[in-house]
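Open the model in a viewer and keep the sequence panel visible. The stops below are meant to be followed in order, with a selection at each one.

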Amino acid sequence: MTPDTEDATTVEVTVERRLDAGADRVWEALADIEVTEATLPGCDDLDFGVDRDYVEAGDRGTATISVGVGPVSPSFDTDVAVVRRDYPEMTVTAEGRPRGRRSPRPRTSRSPRRTSGRT
């Protein structure tokens, strides 16, 4: 990542899982919204707002995802889109922002907080 090409607040996360199951079984399971929610690390909620139990290409939804980094576990409101779903490939994109913020790319400011050491 270089300052010329990416915003300093951008974080990319890739999740890869190896499953002991055949491609057809995995394909069906990943379309199941509850199964997908259960397999995403830190996913507290996944909602596509559809009247079916599975996703299709073009579906858009929201998720709440918590990411643990050392002692910190921030939660993110995340927009999720199923971009492509053509057997055997599926592309899902997600863009998140810290809970309670509207902008997908939060602005950060750093200012040291001074403490007097008194209680």
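The tour starts with confidence and then moves through strands, core, rings and two threonines.

**Confidence**

Colour the chain by pLDDT before selecting anything else; this is a predicted model. The mean over the chain is 77, and 73% of the residues reach 70 or more. Now select residues 104-119, where pLDDT stays under 50. For that stretch the model has 12 contacts beyond four places in sequence. Where pLDDT is low, the predicted coordinates should not be read in detail. Next compare two strands: confidence is highest in S2 (residues 60-66), at a mean of 93, and lowest in S4 (residues 89-98), at 86.

**Strands S1, S2 and S3**

Select S1 (43-47) together with S2 (residues 60-66). The two strands run antiparallel and are joined by four bridges. To see one residue pair across them, pick Asp47, whose bridge partner in S2 is Thr62.

Add S3 (75-86) to the selection. S2 and S3 are also antiparallel, with seven bridges between them. Here pick Gly61, which has Val80 of S3 as its bridge partner.

**The nonpolar core**

Which residues make up the largest nonpolar core? Select Ile33, Cys43, Leu46, Phe48, Val55, Ala63, Ile65, Val80 and Val82, nine residues in all. S1, S2 and S3 each supply at least two residues of this core. In soluble globular proteins, nonpolar side chains tend to be buried together.

Centre the view on Ile33 and list its contacts. Leaving out residues up to four places away in sequence, Ile33 touches Leu46, Phe48, Val50, Arg52, Asp53, Tyr54 and Val55. Among these, Leu46, Phe48 and Val55 are core members too. Two others in the contact list are worth showing as sticks: Arg52 lies over the face of Tyr54, at 5.2 Å from the ring centre.

**Rings and a charge**

How many aromatic pairs does the count give? The count comes to one. Select Trp27 and Tyr87, which form an edge-to-face pair at 5.2 Å centre to centre, with 90° between the planes. Trp27 belongs to helix H1 (residues 23-31) and Tyr87 to the loop between S3 and S4, so the pair ties together parts that are 60 residues apart in sequence.

Switch on the surface for these two. Trp27 counts as buried, at 17% relative accessibility, whereas Tyr87 counts as partly exposed, at 45%. Then add Arg85: its charged end sits over the ring of Trp27, 3.9 Å from the ring centre.

**Two threonines**

Is Thr64 buried or exposed? Select Thr64, which is in strand S2. Thr64 has a relative accessible area of 12% and is buried, because the cut-off for buried is under 20%. Beyond four places in sequence, Thr64 touches Gly42, Cys43, Asp44, Asp45, Phe76, Asp77 and Arg99.

The last selection is Thr93, in strand S4. Thr93 counts as partly exposed, at 40% relative accessibility. Draw a distance between the C-alpha atoms of Thr93 and Asp79: they are separated by 8.2 Å, with the two residues 14 apart along the chain. Asp79 is also one of the contacts of Thr93, along with Val80, Ala81 and Val83, residues up to four places away in sequence being left out. Val80 has already come up twice, as a member of the core and as the bridge partner of Gly61.

Methods:
Residues numbered from 1 in each chain as written. Predicted model: local features only at pLDDT ≥ 70, side-chain atom pairs only at ≥ 80, totals over all residues. Heavy atoms only, no water. pLDDT = per-residue confidence, 0-100. Contact = heavy atoms within 4.5 Å. Phe/Tyr/Trp six-rings, centres within 6.5 Å; stacked < 30°, edge-to-face > 60°. Buried < 20%, exposed > 50% of the residue type's maximum accessible area, 1.4 Å probe, protein only. Lys NZ or Arg CZ within 6 Å of the ring centre and 35° of its normal. Core = buried A, V, L, I, M, F, W, Y, C linked by side-chain atoms within 4.5 Å. Pairing = 2+ DSSP bridges.
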